[in-house]
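Here's a quick briefing to keep beside you while you turn the model around. Have a look at the fold first, then work through the points below.

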Amino acid sequence: MPEISQMARMTAGELYLPGDPELVAARKRAQLLMRDYNQTIYGDDADRARILGALLGSDKGAVIRPPFYVDYGSNIHLGQGVFLNYGCVLLDVCPIMIGPDTQIGPGTQILTADHPRDPKVRAQGLEMGKPIHIGANVWIGGGALLLPGVTVGDDAVIGAGAVVTRDVATGQTVVGNPARPLAGDDRTDVLS
């Protein structure tokens, strides 16, 4: 039976060695594409689309304001009409799926990358991750942090600065650290 590559182990959420040559090369490729994208100027729409097409796993016309940061890019899948404001970080060691018409505020971090809790396993240099799924028409306020393995349902709202450690139900509004459902329908002043 052939050995599973470190790339396949990583994207499957298994323990992997980040120093593997294939992974190092993939990160370098992403860094070069990020550099090119982040140096584009307003109005270079064709250039931006070309770079995003090479960087991302799939992109159906998303608008991403630079700077924009990823680990690999190839594990990021964006639906039609997705908008990411300035300074977003998407660490995509596992898939990040973002549904159509989702809007993401500036400085938001979406992190699939994780580390073993066992110090002996960490000392071996092994890492892991868990995928993140964000539904359609979600609004994520500026500076929010989504941690590995969370799922956010359609039409949900994540308040600015929220730290999302658990799944967010369809239509639910969450705020705070750790993010908790907002009481009632008071959705004012939680976003930016």
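**Around phenylalanine 68**

Phenylalanine 68 has cysteine 88, in S6, as its bridge partner. Keep in mind that this is a predicted model. Phenylalanine 68 is a handy place to start, since it also turns up in the aromatic pair and in the largest nonpolar core.

**The aromatic pair**

- There's 1 aromatic pair in the structure.
- Its partners are tyrosine 37 and phenylalanine 68; the ring centres are 6.4 Å apart and the planes sit at 70°, which is over the 60 degrees needed, so the pair is edge-to-face.
- Tyrosine 37 belongs to helix H2 (residues 21–38) and phenylalanine 68 to strand S3 (residues 68–70), so the pair ties together parts that are 31 residues apart in sequence.
- How buried or exposed are the two partners? Tyrosine 37 has 2% relative accessibility and counts as buried, and phenylalanine 68, at 1%, counts as buried too.
- Tyrosine 37 also has a charged neighbour: arginine 48 lies over the face of its ring, 5.9 Å from the ring centre.

**The nonpolar cores**

- The largest nonpolar core has 37 residues, and the ones touching the most other members are Ile64, Phe68, Leu90, Ile98, Ile134, Leu146 and Ile158.
- At least two residues of this core come from each of H2, helix H3 (45–55), S3, S4, strand S6 (88–91), S7 and strand S12 (132–134).
- Which element gives the most to this core? That's H2, with 4 residues.
- Skipping neighbours within four places in sequence, phenylalanine 68 is in contact with Met34, Tyr37, Asn38, Leu52, Leu55, Leu56, Leu84, Cys88 and Leu90.
- Apart from the largest core lies another one, of 8 residues, including Met10, Ala26, Tyr72 and Val93.
- As background, nonpolar side chains in soluble globular proteins tend to be buried together.

**Strands and sheets**

- One open sheet has 5 strands in the order S1-S4-S7-S12-S15, and the pairing is parallel.
- At its edges you'll find strand S1 (58–59) and strand S15 (151–152), each of which pairs on one side only.
- Inside that sheet, strand S4 (residues 76–78) and strand S7 (residues 96–98) run parallel and are joined by 3 bridges. Histidine 77 stands opposite methionine 97 in S7.
- S3 and S6 also run parallel, with 3 bridges between them.
- S6 is joined in turn to S9, again by 3 bridges and in parallel. Here leucine 91 has leucine 111, in S9, as its bridge partner.
- In general, strands of a sheet pair through backbone hydrogen bonds, either parallel or antiparallel.

**Threonine 112**

- Look for threonine 112 in the loop between strand S9 (109–111) and strand S10 (113–114).
- Is this loop residue buried or exposed? Threonine 112 has a relative accessible area of 0%, which is under the 20% limit, so it is buried.
- Its side chain reaches the backbone nitrogen of cysteine 94 at 3.1 Å.
- Cysteine 94 is one of several residues in contact with threonine 112 once neighbours within four places in sequence are left aside; the list also includes Leu91, Asp92, Val93, Pro95 and Ile96.
- Other contacts of threonine 112 include Met128, Gly129, Lys130, Pro131, Ile132 and Pro148.

**Cis peptide bonds**

- Proline 66 and proline 67 are joined by a cis peptide bond, with omega at about 5°. Proline 67 is in the loop between strand S2 (63–64) and S3.
- The peptide bond from asparagine 177 to proline 178 is cis as well, with omega near -5°. Proline 178 is in the loop between strand S18 (173–175) and strand S19 (180–181).

**Positive phi angles**

- Aspartate 101 isn't a glycine, yet its phi is positive, at about 65°. You'll find aspartate 101 in the loop between S7 and strand S8 (103–104), and with 44% relative accessibility it counts as partly exposed.
- Asparagine 137 isn't a glycine either, and it has a positive phi of about 55°. Asparagine 137 is in the loop between S12 and strand S13 (139–140); at 45% relative accessibility, it counts as partly exposed.

Note on methods: Residues are numbered from 1 along each chain as its sequence is written. This is a predicted model: local features need pLDDT of at least 70, side-chain atom pairs count only at pLDDT 80 or more; totals for chains, interfaces and linings use all residues. Side-chain values use heavy atoms; hydrogens and water are left out. Rings of Phe, Tyr and Trp (its six-membered ring) pair if their centres lie within 6.5 Å; planes under 30 degrees apart count as stacked, over 60 as edge-to-face and the rest as tilted. Buried means under 20% relative accessible area, exposed over 50%, partly exposed in between (1.4 Å probe, protein chains only). A charge sits over a ring if NZ of Lys or CZ of Arg is within 6 Å of the ring centre and within 35 degrees of the ring normal. Two strands pair if DSSP finds at least two bridges between them. A polar contact is a pair of N or O atoms within 3.5 Å; within protein, one must be able to donate a hydrogen and the other to accept it, and residues adjacent in sequence count only if both atoms are side-chain atoms. Contact means heavy atoms within 4.5 Å. A nonpolar core is a set of buried Ala, Val, Leu, Ile, Met, Phe, Trp, Tyr and Cys residues joined through side-chain atoms within 4.5 Å.
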